[in-house]
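Here are a few exercises to work through with the viewer open. Try each task on your own before you read the solution.

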Amino acid sequence: MKLHEHQAKEIFARYGIPVPEGKVAFTLKEAKQIAEELGEFPLVVKAQIHCGGRGKAGGVKIVKDMDELEKAVESLLGKVLKTFQCPDGKPVNRVLIEKATPIDKEYYLAITLDRSRSKPVIMVSSAGGMEIEEIVKENPEAITIEPIDPELGLMPYQARELAFSLGLPLKDFVSIALSLYRVYTELDASLVEINPLVLTKEGKLVALDAKLEIDDNALFRQKELEEMEDESQIPPLEAEAKKYGLNYIKLNGNIGCMVNGAGLAMATMDIIKLAGGEPANFLDVGGGANVEQIANAFRILMADPDVKAVFINIFGGILRVDRLAQGLIEASKMVELKVPVVVRLEGTNVEEGMRLLKESGLNFITAEDMWDGAKKAVELANKQA
Amino acid sequence: MAILVNKDTKVVVQGITGKEGSFHAKQCKEYGTKIVAGVTPGKGGMEVEGIPVFNTVREAVEETGANCSLIFVPAPFAPDAIVEALDNGIELVVCITEGIPVKDMMLVKDYMVKNYPNAKLIGPNCPGVITPGEAKVGIMPGHIFKRGKIGIVSRSGTLTYEAAYQLTKRGLGQSTAVGIGGDPVHGLTHRDVIELFNKDPETEAILMIGEIGGTEEEEAAEYIEKEVDKPVFAYIAGITAPPGKRMGHAGAIITGGKGTAKAKMEALEKAGAYVIENPAKIGETVERILKALELEEEERTYDAE
C-alpha cells in the first residue's frame, strides 16, 4: 500500500526526521490559510499523487506570492496529472504547501528488502533527485548498498561509514538513517525513501521528498496506516476487484482475461501476446474461486469498455472443473455478455464441465488448450474491433 | 530416490483442525502420504480423519516420530508455527499459508539460517511438494502427476499443475515437483531445488517455472551454467507484465528495472537451458528435445561401439 508524500512526511517528522515546514490542503481556502500560517514566501505547492515524475509533469510549483499560490493550487486541485510513469494520470485531490528549502546538494537515501539476501538494505547515493532506476542504469557505482542484519537492525557504525563516505554532517545523518530504519521496521514498510535528501545552504539535512510503502500482508497489524489509504489513487475497477478478493490490474489491450492463480494468469497474458493480441487486464480469481467471485470477476471484465473478447482460462485442481463450469453458467446469467467469451477448462472432471457448458445454451466458445483459446480470443477481438 | 519427500516421510500437519488443514490432511492421506499427526494448540486428544491431534509439535514428534511439517496456520500465527517446527527438530517444513508479513519471514529465515542450517523450508504461499506415487505434502491435485524422471520447480501453483499435466499427458513423469512459493522472502530457492535435482540420480531432466520479480532465476542460471549437465527447461511468466505492478504474488513485481522476464530468459538461455516461450507448449517442447537428445546419445554410443 502506498501513502502520500504528506502522510509519509508527517510520519517521518514523528520519528525525528527533519522535513520542510508545511501542511496538506484539500481546497484553495485551506491552501491560502496554510500559506498565511507559514507566514513567508516563496512556498512550494506539490500535487499529492501515487506516482513518480511529478516535477517534470508540472506537479510541483514554486510560488512567490498569494496570487501565484492561488493560480498554482487552482491549476492542480481537481485535475488529473499525467506523468511519464503514469501516462493515464492520477487525480489530484490534495496539495502539500511547504516552505521552500535553499538547496546546496541533493542525495538519495532508502531502505528496502534485498530479496536475494532476504535482508533489508540501506542505499545511499550522491546522485539524489534522480529516479533510482535512472541512477542504477546510468551510474550504478554511485550507489552504496549496505545489508542490514534483521535481528540487530541498522548499526550506528554502518550509518557513520555512509556519512563519512558521502561527506555528510555526521550526527544529523546517523540520526536520520537510524530513524528511517525505525520507520521501516516498526511500520512494516516495504520501502522508505528520501529522494532527495538535501543538504541546505545552512548545512542542515532535510527530507525534501518522502516515499513510504507498506507491506500489504502486514496491514492487519497496521490499522492506522490502512485507514490512511487514498482510494482515489487506485483505478476504480482495481478498487472494486479488491473488495471481492480478486486481483485485477488494468492493461492496455482489448482481450479480457480471467484465470485462477497468479502464475497461470501471467502466462495467459503472455500467450495472448504470442497469439498476436494484447491483454486488457491481469485477473486472478484465486485458487479457490466460488460462484460469487466468478460472477464479480465477470462483471468487472465486462465493465471495461476496451474489452472486445474474453478469454477464461481455468485449471481445476482441487476445485473441480464441473463445479467451475456451473459457476460460470450461473455467473453469465447475472451479467450481460456483450462480447464473445472463449473458455478453456482443464483438470479434474473436465469432460463433465465441458458438457455442462455446451448444454447451457450460452454462447461460449470452447477451446482445446491455452494456445487454441488464445488464438480464438485474438481472432474474435480483431473481428469486433 | 526423488527429492525432499518419499514414502517414508512422516508428516505432522500444523493447523489440522482448520477448514483447509483438515481438508488437505485428508487428501494427502488418501494419496498415500504418511500423515502421522496433527497439531492445534488446545485441541490435543482429538482425531481428524483418524489422525491424532496434539497440543504441541514437541508432543507430536515424541509420540509419532514426525520429521516433516505441513503448515496451514493463518498468516499472523504462521511464523510461530514454522519456528515451533524447527525448534523441535523437524527437517523439512512446508508452509502453505499465504499473506505472511515480509518482516516476519525475514526474521524466521534469519533464525533458521543461523540455528538450523541443515533444515529446509518450502514456501510460504506455495502449493507444497509431491513425489508422485509416494508422498504428497501440499495442496496440489495428486492425480495430474505421474512418477518419472523430470524434476519440476516452480514459483506458481496452477502454472505448475498446467505444466505437470502437459507432461503427464505425453507420458513424461516427474521425480518430484516442488512449489517454492510466490513471496519475496521464502525458504528453498530455484537454485537450491535445482541443486537437489542435479544430485538426484532419478531425475534426468529439470523443468523450472519462474516469473517476474527478484533475481532468483538469474542465480539459478549461474548455477546451471557451472554445475548442471542434465537438460534444463525453463518457462518464465510475465513477459507482458508492466513494471511497478504486483501481479498477484507479492514477489511478482518488476522494480528498479530489475526482475524482468526478458532478463531472466536471456540469463537462462546463456546458461544452456532450453527456454520455452509458449506456456501451452511446455509438454510438447520437453518431449521433442528429450527425444532428440536420446537419439544423439544413441548415435554417440553407436559410434563408440
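## Exercise 1: A valine in a strand

A:Val24 counts as buried, with 20 C-beta neighbours inside 10 Å. Please keep in mind that this is a predicted model.

**Task.** Find which element holds A:Val24, and which residues outside its sequence neighbourhood are in contact with A:Val24.

**Solution.**
- Step 1. Start with the count: a residue is buried if 20 or more other C-beta atoms lie within 10 Å of its own, and A:Val24 has 20.
- Step 2. Locate A:Val24 in strand β1 of chain A.
- Step 3. Leave aside the neighbours within four places in sequence; A:Val24 is then in contact with A:His6, A:Gln48, A:Arg94 and A:Leu96.
- Step 4. Look across to β6(A), where A:Leu96 stands opposite A:Val24.

## Exercise 2: The sheet around that valine

**Task.** Work out in what order the strands of the open sheet in chain A run, and which of them are edge strands.

**Solution.**
- Step 1. Trace the 4 strands, which follow the order β1-β6-β2-β3 in chain A with antiparallel pairing.
- Step 2. Pick out the edges: β1 (22–25) and β3 (60–63) of chain A each pair on one side only.
- Step 3. Check the twist; neighbouring strands are turned by 20° against each other on average, direction ignored.
- Step 4. Zoom in on one pair, β1(A) and β6(A) (residues 95–99), which is antiparallel over 4 bridges.
- Step 5. Add the helix α2(A) (residues 28–38), which lies across β1, β2 (43–47) and β6 of chain A and runs at about 15° to β6(A).

## Exercise 3: An enclosed helix

**Task.** Decide how many of the residues of helix α1 of chain A are buried, and what covers them.

**Solution.**
- Step 1. Go along α1(A) (residues 5–14): 7 of its 10 residues are buried, so the helix is largely enclosed by the rest of the structure.
- Step 2. Name the buried residues, which are A:Glu5, A:His6, A:Gln7, A:Ala8, A:Lys9, A:Ile11 and A:Phe12.
- Step 3. Look at the cover, which includes β1, β2, β6, α6 (170–186), β11 (205–207) and β12 (211–214) of chain A.
- Step 4. Move past the helix to A:Gly16, which follows α1(A) and has a positive phi near 85°.

## Exercise 4: Where the chains meet

**Task.** Describe which elements of chain A give two or more residues to the side that touches chain B, and at what angle α9(A) packs with α5(B).

**Solution.**
- Step 1. Begin with the totals: 47 residues of chain A are in contact with 48 residues of chain B.
- Step 2. List the elements of chain A that give two or more residues: α4 (132–138), β13 (247–250), α9 (262–274), β15 (281–284), β17 (341–347) and α13 (370–384).
- Step 3. Note that α9(A) provides the largest share of this side, 11 residues.
- Step 4. Sort the chain A side by type, giving 22 nonpolar, 13 polar and 12 charged residues.
- Step 5. Follow α9(A) to helix α5(B) (residues 158–169): the two pack at an angle of about 70°, with their axes 6 Å apart. That angle makes α9(A) roughly perpendicular to α5(B).
- Step 6. See who meets whom: A:Gly263, A:Leu264 and A:Ala267 in α9(A) meet B:Thr158, B:Leu159 and B:Glu162 in α5(B). By type, the residues of this contact divide into 3 nonpolar, 2 polar and 1 charged.

## Exercise 5: The nonpolar cores

**Task.** Identify which residues touch the most other members of the largest nonpolar core.

**Solution.**
- Step 1. Of the 155 residues in this core, A:Leu283 and B:Ile71 touch the most other members.
- Step 2. Turn to α9(A) again, which gives the core its largest share, 8 residues.
- Step 3. A second, separate core has 42 residues, among them A:Tyr107, A:Ile132, A:Ile135 and A:Ala218.

## Exercise 6: Unusual backbone

**Task.** Determine where B:Asn125 lies, and whether B:Asn125 is buried or exposed.

**Solution.**
- Step 1. Recall the background: most residues other than glycine have a negative phi, and most peptide bonds are trans.
- Step 2. Find B:Asn125 in the loop between β7 and β8 of chain B; its phi is positive, near 55°.
- Step 3. Count around it: B:Asn125 has 27 other C-beta atoms within 10 Å and is therefore buried.
- Step 4. Check the peptide bond from B:Gly123 to B:Pro124, which is cis with omega near 10°.

Note on methods:
Residues are numbered from 1 along each chain as its sequence is written. Chains are lettered from A and ligands numbered from 1 in the order in which they are written. This is a predicted model: local features need pLDDT of at least 70, side-chain atom pairs count only at pLDDT 80 or more; totals for chains, interfaces and linings use all residues. Two residues are in contact if their C-beta atoms, placed from the backbone, lie within 7 Å. Ala, Val, Leu, Ile, Met, Phe, Trp, Tyr, Cys and Pro count as nonpolar, Asp, Glu, Lys and Arg as charged, and the others, Gly among them, as polar. Axes are lines fitted to C-alpha atoms, for helices over the stretch in contact, and angles run from 0 to 180 degrees between N-to-C directions. Angles under 35 degrees count as roughly parallel, over 145 as roughly antiparallel, 65 to 115 as roughly perpendicular and the rest as oblique. Two strands pair if DSSP finds at least two bridges between them. A nonpolar core is a set of buried Ala, Val, Leu, Ile, Met, Phe, Trp, Tyr and Cys residues joined through C-beta atoms within 7 Å. A residue is buried if 20 or more other C-beta atoms lie within 10 Å of its own, exposed if 12 or fewer, and partly exposed in between; C-beta atoms are placed from the backbone.
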